[in-house]
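Trainee: I have just opened this entry and would like a guided tour. Could you take me through it by question and answer?

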Amino acid sequence: MFADLHLHTHFSDGTYSPEKVVESGREHGLSILALTDHDTLEGCARAAAACAAAGLEFITGAELTAEQGGHEVHLLAYFVATDHPRLSREMAKFQAVRQDRIREMVFRLNRINIPLEAAAVFALANCNAPGRPHVARALVSAGHCRTLDEAFERYLKKHRPAWVPKYRMSAAHAIELVHEAGGLAVMAHPGLNRSDEVIAPMAEAGLDGLECFHSRHSTMQMEQYLALAEGLNLLVTGGSDCHGESKGRPLIGSIKPPSDYVARMKQRLAARARPGPAAHATAA
Ligand code: AMP
Ligand code: FE
Ligand code: FE
Ligand code: ZN
């Protein structure tokens, strides 16, 4: 039994529908799937229904943008309640900020004589949590760039002319919010951050796990993060970070952590729900 706990849909910057993600997951022999769209849980109900119909297990999730020690970190929120009022409010705020950021990116592109319209980006994105990949797609479809990579390299990467920083909550705040919504907080793709010093303070703040298995981690990074997770008593998770067709070939099926890791996540949640000292006695 294998899982993929990092999957995006068109509710953020993926290209697949929730149903298509589930269908692909089943084709790749996966038994447990989690959606982790950026700043939204909107795809979860449909993915849960598709998983139920296909006989797969579904885990609710989202990928939140947070900040630790001046670095942007992505926090995966698993098992959260989709109707939690405070989490819903915070995500609505993130979505509004993402939409304002699109307008600002377009403004900056216009300033360097690239005549893109925000409306075109929103129409193409057709979701509440638009991001840079949508601007990149709009630049490609209007003929201003040949590829998405070129759009990022020339305009959208950090310190390029249309780059706009993203609003982020502190990691401690995000972790606390995820816990309040009944979930587990896991640091996504630590290997892409190149700032391992942020991990221990987040563990101190209640971080539950580390995404050791990720499609862009080398074997060496994977081993290094497995050791780090063990040392800090963090859960181990993994996923492909598949965005459908938006970044070349679909990555689903490339990372398949065994379901034991999911069992350990559930154990930690159950231990937290139990009052008393047992709540502190979970092994990673
Ligand atoms: P945002 O959340 O708006 O800052 O956009 C971040 C998203 O852009 C993440 O899903 C990244 O993986 C994606 N991204 C970053 N660089 C590239 C690239 N060169 N080509 C395509 N997508 C990228
Ligand atoms: Fe993304
Ligand atoms: Fe991420
Ligand atoms: Zn992701």
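Trainee: Happy to start with the zinc ion (ligand 4): what spacing do its donors follow along the chain?
Mentor: Keep in mind that this is a predicted model. The protein donors of this zinc ion are His6 (NE2), His8 (NE2), Glu63 (OE) and Asp241 (OD), at 2.0 to 2.3 Å. Reading them along the chain gives the spacing H-x1-H-x54-E-x177-D.

Trainee: Which parts of the chain do His8 and Glu63 link?
Mentor: Both His8 and Glu63 are buried. Glu63 sits in strand E5 (residues 61-68), and the two residues are 55 residues apart. His8 belongs to the loop between strand E1 (3-7) and helix H1 (18-27). The pair therefore links distant parts of the chain, namely that E1–H1 loop and strand E5.

Trainee: Is the arrangement of the four donor atoms around the zinc ion (ligand 4) tetrahedral or irregular?
Mentor: A tetrahedral site needs all angles between 85 and 135 degrees. Here the four donor atoms subtend angles of 77 to 166°. That range makes the arrangement irregular.

Trainee: Let's look at one donor, His6: is it buried or exposed?
Mentor: His6 is found in strand E1. Buried means under 20% relative accessible area. His6 has 0% relative accessibility, so it counts as buried.

Trainee: What is the distance of the polar contact between the side chains of His6 and Glu211?
Mentor: The side chain of His6 has a polar contact of 3.3 Å with the side chain of His8. With the side chain of Glu211, the polar contact of His6 is at 2.7 Å.

Trainee: How far apart are the zinc ion (ligand 4) and the iron ion (ligand 2)?
Mentor: The iron ion (ligand 2) has its own donors, namely two OD atoms of Asp13 together with His38 (NE2) and His243 (NE2), at 2.0 to 2.6 Å. These follow the spacing D-x24-H-x204-H along the chain. From this iron ion to the zinc ion (ligand 4), the separation is 4.5 Å.

Trainee: Where in the chain does His38, a donor of the iron ion (ligand 2), lie?
Mentor: Asp13 is buried, and so is His38. Asp13 lies in the loop between E1 and H1, 25 residues from His38. His38 itself is in strand E3 (residues 37-38).

Trainee: Which residues are the protein donors of the iron ion (ligand 3)?
Mentor: This iron ion is 5.7 Å from the iron ion (ligand 2). Its donors follow the spacing E-x10-H-x114-H. They lie 2.0 to 2.3 Å from the ion, and they are Glu63 (OE), His74 (ND1) and His189 (NE2).

Trainee: How many residues apart in sequence are the parts that His74 and His189 tie together?
Mentor: Both His74 and His189 are buried. His74 lies in strand E6 (residues 71-78), while His189 lies in the loop between strand E8 (184-187) and helix H8 (199-204). The parts tied together in this way are 115 residues apart.

Trainee: Moving on to rings, why is the pair of Phe94 and Tyr167 tilted?
Mentor: A search of the whole structure finds two aromatic pairs. In this one the ring centres are 5.1 Å apart. Planes under 30 degrees apart count as stacked, over 60 as edge-to-face and the rest as tilted. The planes of Phe94 and Tyr167 are at 45°, so the pair is tilted.

Trainee: Is Tyr167 buried or partly exposed?
Mentor: Phe94, in helix H3 (residues 85-111), is 73 residues from Tyr167. Phe94 is buried, with a relative accessible area of 2%. Tyr167 has a relative accessible area of 31%, so it is partly exposed.

Trainee: What kind of pair do the rings of Phe213 and Tyr261 form?
Mentor: Phe213 is in strand E9 (residues 209-214) and Tyr261 in helix H10 (residues 260-273). Their ring centres are 5.3 Å apart. With the planes at 65°, the pair is edge-to-face.

Trainee: Which charged end sits over the ring of Tyr261?
Mentor: Over the ring of Phe2 sits the charged end of Lys256, 5.9 Å from the centre. For Tyr261, the distance to the ring centre is 5.3 Å, and the residue is Arg264.

Technical notes:
Residues are numbered from 1 along each chain as its sequence is written. Chains are lettered from A and ligands numbered from 1 in the order in which they are written. This is a predicted model: local features need pLDDT of at least 70, side-chain atom pairs count only at pLDDT 80 or more; totals for chains, interfaces and linings use all residues. Side-chain values use heavy atoms; hydrogens and water are left out. Donors are N, O and S atoms within 2.8 Å of the metal (3.2 Å for Na, K and Ca); water is not among the atoms, so sites may look incomplete. Four donors count as tetrahedral if all angles lie between 85 and 135 degrees; four count as square planar and six as octahedral if opposite donors are over 155 degrees apart and all others between 65 and 115; anything else is irregular. Helices (H or I, at least four residues) and strands (E, at least two) are DSSP runs, numbered from the N terminus. Buried means under 20% relative accessible area, exposed over 50%, partly exposed in between (1.4 Å probe, protein chains only). A polar contact is a pair of N or O atoms within 3.5 Å; within protein, one must be able to donate a hydrogen and the other to accept it, and residues adjacent in sequence count only if both atoms are side-chain atoms. Rings of Phe, Tyr and Trp (its six-membered ring) pair if their centres lie within 6.5 Å; planes under 30 degrees apart count as stacked, over 60 as edge-to-face and the rest as tilted. A charge sits over a ring if NZ of Lys or CZ of Arg is within 6 Å of the ring centre and within 35 degrees of the ring normal.
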